[in-house]
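Grab a coffee and work through these exercises with the structure open beside you. Try each task before you read its solution.

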Amino acid sequence: MNGVHDMGGMHGLGPVQYERNEPVFHAPWEGRAFALNLAAAAWRKWSLDALRHQIELIPAADYLRMSYYEKWLTAVTERLVQSGLVTRAEVESGQPARGSSKATPPLTAAQVPAMLRSGALASRNVSVQPNFHAGQRVRARNINPVGHTRLPRYARGKLGIVDRDHGVYVFPDAIAHSADENPQHLYSVRFTARELWGDHASPRDSVNLDLWDDYLEPA
Amino acid sequence: MGTSSHGHDHDHDHQVVPSDPALRVKALESLLTEKGLVDPKALDALIDKYERQVGPRNGARVVARAWVDPSYKQRLFEDATAAIGELGYGGAQGEHMVVVENTPQVHNLVVCTLCSCYPWSVLGLPPVWYKSAPYRSRAVIDPRGVLREFGLQLPDETEIRVWDSTAEIRYLVLPERPAGSESLDETELAALVTRDSMVGVATVAMPARGAGA
């Protein structure tokens with residue numbers, strides 16, 4: 001979706017604010033919000049891209065105003081409701097519905113180290129024909145899907161060169177909305193700064209994006 | 001009107017849940033715990049992991065090893081995930097690693113314009129500026145201006161390569177080894193390597209010598 005989250009190349013968002021000796025979390029609740037997200041994700045009711053899309057759906061003005069972990073908290077609450085793990089009435093009251101059964105958490109403290117150590121692979125060991133190869137000229141498609149996509153607006157319609165083929169990966173536009181992974185080749189594609197931003201940009205600079213087959217067409 | 005507790009902000013009149021995120025997260029954790037959906041001790045363990053165990057010291061060890069061991073550096077470019085795994089780092093948000101090398105000719109800079117993708121396994125959780133709208137919006141269109149704000153003025157001749165983390169590939173910058181560091185061992189080198197240098201918003205410098213040293 002063409003949301004405010006897709007902010008690469010925007011002006012007017014101010015200077016970078018740097019904090020020296022920044023703590024990992026600025027308040028205890030940030031750590032709880034972070035950890036709740038990971039622990040709730042262990043139910044495997046939604047993909048990481050579904051969570052990202054939930055954050056993208058936060059209204060633009062709120063998105064820009066909210067702190068990072070406030071966005072996480074808002075998004076995980078919505079995923080919990082939509083997945084049926086909790087009801088909106090339960091979120092609003094803070095109490096389990098009368099007579100609701102008690103589940104067993106899928107992630108215990110003892111399982112945390114192993115869960116983080118294994119992570120979650122986004123690559124898939126399946127044979128899929130690549131549409132492109134390293135060194136090939138490609139054009140990022142001019143698409144404007146209303147759902148989740150990882151093709152930023154600033155690269156759409158632009159010419160690039162395939163730098164490398166990363167292999168086969170699940171397709172975010174698919175897994176954000178369904179169980180269908182639509183695995184396909186993912187490439188690092190290099191765009192010159194001048195192609196992206198015009199003649200004012202440095203002739204030496206470039207931006208690499210990781211783009212899937214469905215985002216690209218031959219050029 | 002002004003004395004009423006309502007009427008100032010109509011957006012909040014119908015909000016049932018508390019607007020303060022600290023209260024909201026407390027209420028949500030309590031609900032999920034009561035329903036048996038999360039184990040609060042698992043939350044403690046997750047927080048402890050990223051507050052005390054996983055951080056930029058991991059990445060600094062990777063960089064220092066690459067500086068002293070050319071065969072390790074070679075493996076890092078061939079298969080960064082495996083080479084970083086040799087030092088015991090990997091897993092969540094480091095499953096698919098790529099290392100990009102800074103040289104006198106090329107400077108690399110990592111960003112995630114769409115959200116906040118960051119190599120947790122080697123750098124820990126991202127700082128606020130990395131997740132902020134100013135950095136995300138400008139790193140791709142004005143990398144030289146952004147670097148100047150970090151105090152890094154690169155010559156016009158230097159080629160800047162920006163890496164926008166749009167997929168699950170996570171990027172780590174291998175900074176240049178500072179001049180004058182020849183006599184330092186791997187541990188001493190690792191101590192010089194900063195988080196910012198591994199994102200590409202800084203270079204690695206030798207510590208300033210005190211007078212008479």
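## Exercise 1: The contact between the chains

The contact takes 66 residues from chain B and 73 residues from chain A. Keep in mind that this is a predicted model.

**Task.** Work out which element gives the most to the side of chain B that touches chain A, and how that side divides by class.

**Solution.**
- Step 1: list the candidates. The elements of chain B that give two or more residues to this side are helices H2 (21–34), H3 (40–53), H8 (128–131), H9 (133–138) and H10 (143–149), plus strand S3 (159–164).
- Step 2: pick the top contributor. That is H2(B), with 11 residues.
- Step 3: sort by class. The side of chain B that touches chain A has 36 nonpolar, 12 polar and 18 charged residues.

## Exercise 2: How far to trust it

**Task.** Find the stretch of chain B where pLDDT stays under 50, and decide how to read it.

**Solution.**
- Step 1: check the overall scores. The model has ipTM 0.97 and pTM 0.94.
- Step 2: zoom in on chain B. Its average pLDDT is 91, and 89% of the residues score at least 70.
- Step 3: locate the weak part. In residues 1–17 of chain B, pLDDT stays under 50, and the model has seven contacts for them beyond four places in sequence.
- Step 4: apply the general rule. Where pLDDT is low, the predicted coordinates should not be read in detail.

## Exercise 3: Two partners for one helix

**Task.** Describe how H1(A) packs against H4(A), then do the same for H1(A) and H2(B).

**Solution.**
- Step 1: know what to look for. Two packed helices are described by the angle between their axes and the distance between the axes.
- Step 2: take the pair within chain A. Helix H1 (residues 28–41) and helix H4 (residues 68–82) of chain A pack at about 35°, with axes 9 Å apart, and their crossing is left-handed.
- Step 3: name the residues that meet. From H1(A) come A:Glu30, A:Ala33, A:Phe34, A:Leu36, A:Asn37 and A:Ala40, and from H4(A) come A:Tyr69, A:Trp72, A:Leu73, A:Val76 and A:Leu80. By class, the contact of H1(A) with H4(A) has nine nonpolar residues, one polar and one charged.
- Step 4: cross over to chain B. The axes of H1(A) and H2(B) come within 9 Å and cross at roughly 40°; this crossing is left-handed.
- Step 5: list this contact too. A:Trp29, A:Arg32, A:Ala33, A:Leu36 and A:Ala40 of H1(A) meet B:Pro21, B:Ala22, B:Val25, B:Leu28, B:Glu29 and B:Leu32 of H2(B). The contact of H1(A) with H2(B) holds nine nonpolar, no polar and two charged residues.

## Exercise 4: Into the core

**Task.** Find which residues touch the most other members of the largest nonpolar core, and which element gives this core its largest share.

**Solution.**
- Step 1: find the best-connected members. Out of 118 residues, A:Leu36, A:Ala39, A:Ala40, A:Leu211, B:Leu46, B:Val63 and B:Leu172 touch the most other members.
- Step 2: find the main contributor. H1(A) provides the largest share of this core, nine residues.
- Step 3: follow one member outward. Leaving out residues up to four places away in sequence, A:Leu211 touches A:Ala140, A:Leu151, A:Tyr187, A:Val189, A:Leu216 and B:Thr166.

## Exercise 5: Buried, partly exposed or exposed?

**Task.** Classify B:Glu51, B:Pro155, A:Asn21 and A:Asn182. The cut-offs are 20 or more other C-beta atoms within 10 Å for buried and 12 or fewer for exposed, with partly exposed in between.

**Solution.**
- Step 1: B:Glu51 sits in helix H3 of chain B. Since it has 16 other C-beta atoms within 10 Å, B:Glu51 is partly exposed. Across the chains, B:Glu51 touches A:Val24, A:Phe25 and A:Gly31.
- Step 2: B:Pro155 lies in the loop between H10 and S3 of chain B. B:Pro155 is exposed because it has 7 other C-beta atoms within 10 Å.
- Step 3: A:Asn21 belongs to the segment before H1 of chain A and has a positive phi, near 50°. With 4 C-beta neighbours inside 10 Å, A:Asn21 is exposed.
- Step 4: A:Asn182 is in the loop between helix H7 (172–175) and strand S3 (184–192) of chain A, with a positive phi of about 40°. Its 15 C-beta neighbours inside 10 Å make A:Asn182 partly exposed.

Key:
Residues are numbered from 1 along each chain as its sequence is written. Chains are lettered from A and ligands numbered from 1 in the order in which they are written. This is a predicted model: local features need pLDDT of at least 70, side-chain atom pairs count only at pLDDT 80 or more; totals for chains, interfaces and linings use all residues. Axes are lines fitted to C-alpha atoms, for helices over the stretch in contact, and angles run from 0 to 180 degrees between N-to-C directions. Helices (H or I, at least four residues) and strands (E, at least two) are DSSP runs, numbered from the N terminus. A crossing is left-handed if the near helix is turned anticlockwise from the far one by less than a right angle, and right-handed if clockwise. Two residues are in contact if their C-beta atoms, placed from the backbone, lie within 7 Å. Ala, Val, Leu, Ile, Met, Phe, Trp, Tyr, Cys and Pro count as nonpolar, Asp, Glu, Lys and Arg as charged, and the others, Gly among them, as polar. pLDDT is the predictor's confidence in each residue, from 0 to 100. A nonpolar core is a set of buried Ala, Val, Leu, Ile, Met, Phe, Trp, Tyr and Cys residues joined through C-beta atoms within 7 Å.
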